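Biologist: I am new to this structure and would like to learn how to read it. Could you walk me through it?

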Amino acid sequence: ISHFSSPPYKVVVCRNLGPDVMPLLENRHEFELVVWPEDRACDRTWLLENIAGATGVIVMLTDKVDTELLDKAGPSLRVVSTMSVGHEHIDLKAAAQRALKVGYTPDVLTDAGKSALHPCSSTLMNFCAVADLSVMLALMAGRNGGIGAALVQNGEWSNFSWAPFGFCGPQLSTTATSPTRKIGFLGFGRIAQATLARLVPFGITHCLYSSGPSSPPNLQRDAELEKKYNLKAVAKVDLDELARESDVLFVLAPGGSGTYHVVNEGLLKKMKKTSIIVNASRGTLVDSDALAKALKEGWIWGAGLDVVEGEPNVTRDHPLVKEPRCVIVPHIASATLETRKSMATRAAHNLIAAIFGENMPAEVDL
Ligand code: DGY
């Protein structure tokens with residue numbers, strides 16, 4: 001590791017991290033910083049040119065870290081730090097082969113340190129911007145939020161006077177006449193559980209979860225979580241049951257080949273006609289054409305998407321954009337000032353720790 005030992009260390013930063021976070025890097029006199037100068041995703045050619053001889057690089061989820069990039073960086077590279085919890089854009093195998101450290105930002109998206117006790121239950125409400133937005137998408141998709149906001153924006157409200165059943169959709173919270181609500185999670189990690197915690201005060205009764213197609217089809221109840229969230233049942237189920245039973249299905253699993261198009265025609269056909277699907281993980285988990293068909297043909301009620309396969313190239317003629325009951329926002333689930341600052345800070349700290357041979361605050365297991 002002799003080539004790591006003598007500063008200056010070249011550090012490439014693929015996006016300016018702003019005035020609160022950049023000084024963490026700028027004030028390190030051992031660093032020679034090279035920062036992508038524009039306010040848009042870093043150009044691949046710029047990155048390939050500038051990575052040579054770098055000791056560390058801070059990337060965004062828009063920057064592909066593959067063998068080509070790692071080879072260009074050369075043997076000096078010690079750490080790749082991504083400002084994201086997802087790390088599908090990094091070839092982890094190639095990173096492991098080169099004995100690199102990879103940092104990411106999992107716990108700032110679900111920071112138990114900032115928890116507050118929810119007044120309605122003994123549930124810990126983790127600080128989690130992605131969970132907040134997942135609930136927003138479920139509500140918007142169910143309650144015609146997208147359609148309603150668009151028509152007001154277009155100056156069309158006057159065409160729709162109040163009507164007894166105008167703009168009605170399925171209710172997320174339970175009522176006396178509709179006392180059961182089953183929430184499903186495809187992926188049941190920290191973000192999913194923070195989403196579950198937010199839904200407890202809505203009176204939901206059942207939580208079903210599956211970790212994906214390869215998860216064993218053993219049906220298991222989880223008494224501990226049932227008690228924690230005061231629910232009738234929390235159970236690990238297979239994908240069929242998850243699809244059949246969920247009133248709202250939250251897709252919150254990592255991307256990558258293991259979960260590619262796990263939401264497909266087969267799964268969507270099994271869902272309830274009144275159900276909602278929310279995806280705040282990665283676009284690749286959902287087959288967009290199948291989802292558009294499911295919405296068009298009424299297999300499900302609506303969809304709320306933070307991510308779409310092929311983003312950001314999602315234009316007006318995209319099949320999902322054409323579906324009125326599909327609410328789409330442009331990958332903003334973590335976009336609160338607080339969260340993005342924490343993510344950027346964590347990305348900087350991960351990089352600094354790895355370069356100086358200290359424990360990284362959040363290191364991906366390679
Ligand atoms: C992540 O951190 O992976 C999120 O997708 C960013 O919003």
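The dialogue below takes up confidence, a pair of helices and the ligand.

Biologist: Where should I start, and what is the mean pLDDT of the protein chain?

Modeller: Start with the fact that this is a predicted model. The protein chain has a mean pLDDT of 92, and 92% of its residues reach 70 or more. The scores for the model are ipTM 0.97 and pTM 0.93.

Biologist: Where does pLDDT stay under 50?

Modeller: That happens over residues 112–124, for which the model has 21 contacts beyond four places in sequence.

Biologist: Thanks! Now, how do I read two packed helices?

Modeller: In general, two packed helices are described by the angle between their axes and the distance between the axes. Here, take helix H5 (residues 129–142) and helix H7 (residues 190–199): their axes come within 8 Å and cross at roughly 55°. Because of that angle, H5 is oblique to H7. The crossing of H5 and H7 is right-handed.

Biologist: Which residues of H5 and H7 make the contact?

Modeller: From H5 come Val 130, Ala 131, Ser 134 and Val 135, while H7 brings Ile 191, Ala 194, Thr 195, Arg 198 and Leu 199. Sorted by class, the contact of H5 with H7 has six nonpolar residues, two polar and one charged.

Biologist: And which residues surround the ligand?

Modeller: Look for Leu 61, Ser 84, Val 85 and Gly 86, together with His 331, Ala 333 and Ser 334. By class, this shell around the ligand has three nonpolar and four polar residues, with no charged residues.

Technical notes. Residues numbered from 1 in each chain as written. Predicted model: local features only at pLDDT ≥ 70, side-chain atom pairs only at ≥ 80, totals over all residues. Axes fitted to C-alpha atoms, helices over the stretch in contact; angles between N-to-C directions. Helix = DSSP H or I, 4+ residues; strand = E, 2+ residues; numbered from the N terminus. Parallel < 35°, antiparallel > 145°, perpendicular 65-115°, else oblique. Left-handed = near helix turned anticlockwise from the far one by under 90°. Contact = placed C-beta atoms within 7 Å. Nonpolar A, V, L, I, M, F, W, Y, C, P; charged D, E, K, R; others polar. Near = placed C-beta within 6 Å. pLDDT = per-residue confidence, 0-100.
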